[in-house]
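Let's walk through this structure together, starting with its ligands and then turning to the spaces inside the protein. Keep the 3D view open as you read.

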Amino acid sequence: METNRPQGAAQPRVLLVNLNTYDQPYPVYPLGLAYIDGALRKAGYETRLWDSRTSGEPVEQCAAKMKPDYVALSLRNIDNAQSHNPLSFVRNLSDCCSVLRKVTTAPLIVGGSAFSLFPTELLELTGADYGVRGEGEAPLVELLSALRDGRAPSEIPGVAWNESPHDSRCNECAAMQAGFTAEPAHDPDIINAYVSTGSIIGLQTQRGCPLKCCYCAYPHIEGRRSRFRTGAQVVEEMARLRALGVRYTFIVDSVFNTSEKHIVDVCEAMIAAKLDMEWECFLSPRGLTREHLELMKRAGLKDVEFGSDSFSDPVLAAYGKSFTFDDIKRVSDDAQALDINYSHYLIFGGPGETPETIEETLARAEKMPRAFFFATLGMRIYPGTRLWEKHGPPATGETREAFLATPRFHIEPPLTVQGMYARLRAFRETAPNWVVGDPPPAFVATMKKLRDRGLSGPLWEYIELLQRYQAHETQG
Ligand code: B12
Ligand code: SF4
């Protein structure tokens, strides 16, 4: 086995590892690791990012050459969150840890949104040494300095460690999570490789969501208190991305419209900067006015993903949403009037859903002919949510691991995944603007070809066109 630290090295070295190879709806650029990279460089570390998609060599070869002092692995997805076609990605992390152990004695440290959901379980399962839950920049820098100084890391907020072989522990995140402590470090080659596959590079303008939808893990991952970047900071990053060839970006905030002041600050800065960049984002129908949408459109907003969940008021209330169907209809009409493409994300089968409320949602969707719809079947049960308290281990007495190993979904009886899938697929036959769960393989292949030819953006109009053509072929 190689020794970790090369003789005479000035700066400690950190190998950053992005394991995400899932390509639906397209390969996703590792923005979280870019933030970690930025924070480590700012703190004086030498870094190198190994990306499962774009690095030409196996991770163990990269580690053997680099001889890192620490390895920081990012786990974005535990699974694909699709109840009718579940896929788990946990094994990738365990396998990667095993191969790395053969070539380096550097501590293996895991973080990322998926890791944050099951930190102690994932630490045990993968054999990694440490983990960081939630926002990673400040805790990781603190953890590395504790490890270098020989201090116990068990006092650091958000850090997970192995107390003994079968006793992994994780500290709560700091009550006032720090927010943005460094700018993300973007590697031009990696950005370029993602852009050339039609991927949409992410950009974050805020962290945290103060709302309490019954199933949503975002506040658990990012915290409840909103932390905002200024319009000037957002535009500075946009300009950097623009210089790297990015023309369209995805604002990855859990919800972009949490604060009117923030919308105005960011959009006005974008308008003044005249960057010729387009973008999309998640919006909540709650409190969203036509003036907000108009301002966002002037700032480059092209496509909106509304986290609507259902078009039935009793279901919206049971899901803990803070708006009604009237709000959804109003913001849809506004987006349409302003000629902004928009889609609704819908979750079928959660608490309060019945066969009748499903039909109500479908009937109301028909009244929005220019919208696109993304349907998820069943509600993934995540720790830190009300759904977890009611239908997860605290209520059923099962282990937390059981909800990690195989993705678990709540489906309100008497509904079933198969029944809902059949109903929605039948509905989709006459509604090509619907995507139900993951798209079929033939369809994925065509979308990949389009993206490889340089088409960027969400491509919803192509999805609709392809499905229209497919339906025509089937009839013919
Ligand atoms: C935006 C988003 C999307 C966008 C991405 C757009 C884009 N072009 O980037 C879209 C809509 C395409 C999408 C798709 C999917 N998504 Co998504 N997405 C998100 C969201 C809201 C934000 C992700 C993000 O970019 N955050 C900003 C970055 C900066 O934060 P971060 O990655 O978490 O990194 C921070 C920390 O995690 C940590 N960190 C990260 N890595 C590391 C490593 C180390 C060593 C350390 C110490 C720390 C650390 O520090 C970072 C900086 O603070 C999250 C929910 C959330 N609020 O986190 C879900 C989320 C990540 N998505 C999720 C899922 C499931 C998916 C899909 C599988 C859904 C689907 N079936 O289509 C796909 C998979 C896409 C893919 N190919 O990987 C799940 C993952 C959980 C799970 N079940 O596995 C999440 C958590 C949502 C949820 N359901 O709770 N997604
Ligand atoms: S679903 Fe959206 S609004 Fe609701 S808690 Fe999650 S991020 Fe916040």
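## Around the two ligands

In this predicted model, an oxygen atom of ligand 1 is 3.1 Å from a polar backbone atom of Asp79. A second backbone partner is Ser113, where a polar atom sits 3.3 Å from an oxygen atom of ligand 1. Arg207 joins in through its side chain, with a polar atom 3.4 Å from an oxygen atom of the ligand.

Now step back to take in the whole shell. Ligand 1 is surrounded by 44 residues, and the closest are Asn20, Ser74, Ile78, Ile200 and Tyr382. By class, this shell divides into 24 nonpolar, 14 polar and six charged residues.

Where does the shell around ligand 1 come from in terms of helices and strands? At least two residues each are supplied by helix H1 (31-42), strand E3 (70-74), strand E4 (108-111), helix H4 (113-117) and helix H8 (218-222). H1 gives the largest share, with five residues. Because domain 1 (13-170) and domain 2 (200-438) both contribute residues to this shell, ligand 1 lies between them.

Let's move on to ligand 2. Its surroundings are made up of Cys209, Leu211, Cys213, Tyr215, Cys216, Tyr218, Pro219, Ser254, Val255 and Lys321. Sorted by class, that shell has eight nonpolar residues, one polar and one charged.

It helps to set this beside the annotation. An unreviewed UniProt entry places the feature "domain: Radical SAM core" at residues 195-416. In the model, this span is 40% helix and 20% strand, and its end C-alpha atoms lie 39 Å apart.

Finally, have a look at the enclosed spaces, which are computed over the protein atoms alone. How many cavities of 30 Å³ or more does the structure hold? There are five of them. The largest has a volume of about 80 Å³, and its lining consists of Leu19, Asn20, Thr21, Tyr22, Ser74, Leu75, Arg76, Asn77, Phe89 and Asn92. That lining has four nonpolar, five polar and one charged residues. You have met Asn20 and Ser74 already, among the closest residues to ligand 1.

The second largest cavity has a volume of about 40 Å³. Leu211, Val255, Asn257, Thr258, Ser284 and Arg286 line this cavity, giving two nonpolar, three polar and one charged residues. Here, too, there are familiar names: Leu211 and Val255 are also among the residues around ligand 2.

Key. Residues are numbered from 1 along each chain as its sequence is written. Chains are lettered from A and ligands numbered from 1 in the order in which they are written. This is a predicted model: local features need pLDDT of at least 70, side-chain atom pairs count only at pLDDT 80 or more; totals for chains, interfaces and linings use all residues. Side-chain values use heavy atoms; hydrogens and water are left out. A residue is near a molecule or strand if one of its heavy atoms lies within 4 Å of it. Ala, Val, Leu, Ile, Met, Phe, Trp, Tyr, Cys and Pro count as nonpolar, Asp, Glu, Lys and Arg as charged, and the others, Gly among them, as polar. UniProt positions are given in the numbering used here, feature names are shortened, and annotations may be inferred rather than shown by experiment. Helices (H or I, at least four residues) and strands (E, at least two) are DSSP runs, numbered from the N terminus. On a 1 Å grid over the protein atoms alone, a cavity is a set of points where a 1.4 Å probe fits but cannot get out, and a pocket is an open set with protein on both sides within 12 Å along at least five of seven lines; lining residues have an atom within 4 Å of a point. Grid points are joined across faces, edges and corners, and a volume is the space filled by probe spheres set on the points. A polar contact is a pair of N or O atoms within 3.5 Å; within protein, one must be able to donate a hydrogen and the other to accept it, and residues adjacent in sequence count only if both atoms are side-chain atoms. Domain bounds come from an automatic or database domain assignment.
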